[in-house]
Amino acid sequence: MADDKGFCLWFTGLSGSGKSTITTHLVKELRKRGSKLEVLDGDVVRENLSKGLGFSKEDRDTNIRRIAFVADILSRNEVPVITAAISPYQDIRDEARQMMGDRFIEAYVKASVETCEERDVKGLYAKARSGEIKEFTGVSDPYEVPENPELVIDTESQSPEESAQQILTYLEEREFIPAGVAA
Ligand SMILES: Nc1ncnc2c1ncn2[C@@H]1O[C@H](COP(=O)(O)OP(=O)(O)O)[C@@H](O)[C@H]1O
Ligand SMILES: [Mg+2]
């Protein structure tokens with residue numbers, strides 16, 4: 001769409017909180033509306049752009065800085081970006097915010113460790129509890145809850161479809177996307 005505005009929708013939340021699931025729903029809706037869009041999913045980035053990095057604070061920060069660097073390049077060229085990485089540290093999320101200014105939308109994908117552990121989509125929590133995986137966010141590594149996010153997406157009280165709708169409404173209100181066709 002010619003009047004696409006660049007923005008970076010920055011999801012942050014525990015593993016299994018719903019970042020990738022909600023991203024999939026959003027991408028579908030935004031593409032239906034003809035929006036340009038790029039996605040930087042944490043798992044995908046770690047397979048290529050950040051291949052070889054581990055999970056120490058330093059490596060996590062490097063990973064997130066790389067995602068922010070690419071998201072900034074895209075969004076300042078009017079390509080909307082969704083990032084879906086745990087991004088556990090407030091200071092690095094704040095760096096991304098400073099880089100992108102008004103284009104940056106921090107969206108906290110909220111679900112308790114207990115809920116994520118019950119979901120345990122990839123069996124990672126079980127491995128973290130047994131010690132097979134070290135430095136696992138929420139179990140043996142910190143997660144800093146966003147201090148002042150633009151959006152809080154509560155995945156314990158709403159469905160992925162409802163979360164996607166909440167975000168679309170927000171993007172419309174901010175005029176990042178044109179006011180919508182009914183979903
Ligand atoms: N309301 C919800 N929003 C998002 N995901 C949900 C919700 N309720 C249950 N789930 C499930 O939780 C899991 C979230 O996994 P995923 O999206 O891969 O998380 P993340 O990308 O944050 O690690 C999926 O299996 C999804 O079906
Ligand atoms: Mg994911």
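**Helix packing and ligand contacts**

In this predicted model, helix α1, spanning residues 19-32, packs against helix α7, spanning residues 160-173, at an angle of about 55°, and the axes of the two helices lie 9 Å apart. Angles from 35 up to 65 degrees fall outside the parallel and perpendicular ranges and count as oblique, so α1 is oblique to α7. The crossing of α1 past α7 is right-handed. On the α1 side, the contact is made by Thr 21, Ile 22, His 25, Leu 26, Glu 29 and Leu 30. These residues meet Pro 160, Glu 161, Ser 163, Ala 164, Ile 167 and Leu 168 of α7. Sorted by class, the contact of α1 with α7 comprises seven nonpolar, three polar and two charged residues.

A second helix pair is formed by α3 (residues 57-76) and α4 (residues 90-100), which pack at an angle of about 20° with their axes 10 Å apart. Angles under 35 degrees count as roughly parallel, and α3 and α4 are therefore roughly parallel to each other. Here too the crossing, of α3 past α4, is right-handed. From α3, the residues in contact are Lys 57, Asp 61, Ile 64, Arg 65, Ala 68, Phe 69, Ala 71, Asp 72 and Ser 75. Their counterparts in α4 are Asp 91, Ile 92, Glu 95, Ala 96, Met 99 and Met 100. The contact of α3 with α4 contains eight nonpolar residues, one polar residue and six charged residues.

Ligand 1 is surrounded by 14 residues, of which Gly 16, Lys 19, Ser 20, Thr 21 and Gln 158 come nearest. Thr 21, which also takes part in the contact of α1 with α7, has a side-chain N or O atom 2.5 Å from an oxygen atom of ligand 1. A polar backbone atom of Gly 18 is 3.0 Å from an oxygen atom of the ligand 1 molecule. For Thr 155, a backbone N or O atom lies 3.1 Å from a nitrogen atom of ligand 1.

How values were computed
Residues numbered from 1 in each chain as written. Chains lettered and ligands numbered in written order. Predicted model: local features only at pLDDT ≥ 70, side-chain atom pairs only at ≥ 80, totals over all residues. Heavy atoms only, no water. Axes fitted to C-alpha atoms, helices over the stretch in contact; angles between N-to-C directions. Helix = DSSP H or I, 4+ residues; strand = E, 2+ residues; numbered from the N terminus. Parallel < 35°, antiparallel > 145°, perpendicular 65-115°, else oblique. Left-handed = near helix turned anticlockwise from the far one by under 90°. Contact = heavy atoms within 4.5 Å. Nonpolar A, V, L, I, M, F, W, Y, C, P; charged D, E, K, R; others polar. Near = heavy atom within 4 Å. Polar contact = N/O pair within 3.5 Å; in protein donor to acceptor, adjacent residues only side chain to side chain.
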